[in-house]
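Hello,

Here is the structure I promised to pass on to you. Please open it and have a look around before you read my notes below.

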Amino acid sequence: MFSLTRYTTPCPEPINSQILQMVVDNLTDISSVALPPSNLLYNIYQYAIGFEVHLYLQALDGSKGIAVELIVATSAQDPEKVIGFLLYLPVKDDPEACGVAFMAVQAGSRRQGVARGMMQEVLARYPHAELACAVDKVPAFAAMGFQVRGARGTQVLMNTRAYATDGLMGVLDVAAIYSSLEVRQIHTYLLQKHGKRAMADARSNATGTWINWRTRSACLCRGEAEKRLSTGAVRPAIDHCQNGRQQLLLRLFTAELTAGRRMRQGLRRPEHGPQPRLGHAAARREGGHDVAALIEKECFVLALEAFQLR
C-alpha cells in the first residue's frame, strides 16, 4: 500500500533528495533520449536531467513564473520513504489541462498500482492531460486512458482526449544545462578516458536507438513506395502488402517521400505563426520547421504501429 500527497509549494528537503535520487536511478525511463546505462553519455544525462528536475522542484515556489505541481507516493509502512513521483505542468487558460513532465516509480514498488494511482490523482484535477514517452511505454499509458496523437522527435505524444488544448504550458529553458561547466567537465573526463571514436559512437547510439526494426523489411517497403509513388499507384501498393506491418511501413515511407517532394518545392512553415499547443515546448524554442520535418514526426506514429506489429 501507499499514500499520495499533492504539492503546489516546495516540498521538504528529504522528499526532494529522494526524488532526485530516483531520477538518477531511473534515467532510462525518465529521459526523452532513453539512454541505457551502457552508453558513455549516460553520466552526462544523469547530471543534466537531474538538474532539470531540480529546477522544476524549485519552481514550485512560483519564483520562475510557471505553474508546477507534484504528486509524491510514499510507502504506507514508512511514510518518510518516497516510492514514486509525478511532476506535471498545468496549462494556462485551460483549467482542465496539464502536461506530464516527469514520472518514476522505485523498482521494488512497481506493478503495485503506484503509477496508476498517481496518474488518477492528476486526472481527477486535470482530465485533459498530455505526455511524451518512449515507444515501449505506450501500452502502459494506453491502459491509463491515453491515446497516441503524434510524435515529437523520438518520442510518442499521447493525450487523454482526441484533440490538443488551445492553452499554453509554461516550461523552463534548460538548454544552458547542457553547455554548463559541469557538463563540459564530465564530457572532458569521458573523452580523455574513452577517446573520440567511442564518444562519437555513443552520440550516434543515443540518437538512433529508437530505429530498431528489421532493416531489410523497411528497405523493401521504401523501394516499393518509391516505385509506386512514381507511377501514382500508392493505394494499390499498400493494399498489396501481405501483412499489417508492411502496410504501415509502406505508408511511412510514402509519406516521407511525399514530404521530400514538398520540401524541394519550397513549401515551408511560416517563421512566425500561432503559438504551439500543449506539449510542444521544443517547437516553441526551435522556431520554424520545414514541411518534411513536420510530416516525418507524424510518420513516426506509423513507425510506432509497425514496431508493435513486429
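**What I found inside**

Please keep in mind that this is a predicted model. Its largest nonpolar core has 42 residues, and those with the most contacts inside it are Ile19, Leu70, Phe85 and Leu87. Several elements supply at least two residues each, among them helix H1 (13-25), strand E2 (69-75), strand E3 (82-92) and helix H6 (181-194). Helix H3 gives the most to this core, with 9 residues. As background, nonpolar side chains in soluble globular proteins tend to be buried together.

Try selecting Ile19: leaving aside residues up to four places away in sequence, Ile19 touches Val53, Leu57, Leu70, Val72, Val82 and Phe85. There is also a second, separate core of 25 residues, which includes Tyr88, Met119, Phe141 and Phe146.

**Aromatic pairs**

The structure holds 5 aromatic pairs. One of them joins Tyr45 and Tyr178, a tilted pair at 6.0 Å centre to centre with 55 degrees between the planes. This pair links distant parts of the chain, 133 residues apart: Tyr45 sits in helix H3, and Tyr178 in the loop between strand E8 (168-169) and H6. Is each partner buried or partly exposed? Tyr45 has a relative accessible area of 18%, so Tyr45 is buried, while Tyr178, at 34%, is partly exposed.

Another pair is Tyr47 and Phe51, with ring centres 6.0 Å apart and planes at 15 degrees, so this pair is stacked. Both residues lie in helix H3, 4 residues apart, about one turn of the helix. Tyr47 is partly exposed at 27% relative accessible area, and Phe51 is partly exposed at 32%.

Happy exploring!

Definitions and conventions:
Residues numbered from 1 in each chain as written. Predicted model: local features only at pLDDT ≥ 70, side-chain atom pairs only at ≥ 80, totals over all residues. Heavy atoms only, no water. Core = buried A, V, L, I, M, F, W, Y, C linked by side-chain atoms within 4.5 Å. Buried < 20%, exposed > 50% of the residue type's maximum accessible area, 1.4 Å probe, protein only. Contact = heavy atoms within 4.5 Å. Phe/Tyr/Trp six-rings, centres within 6.5 Å; stacked < 30°, edge-to-face > 60°.
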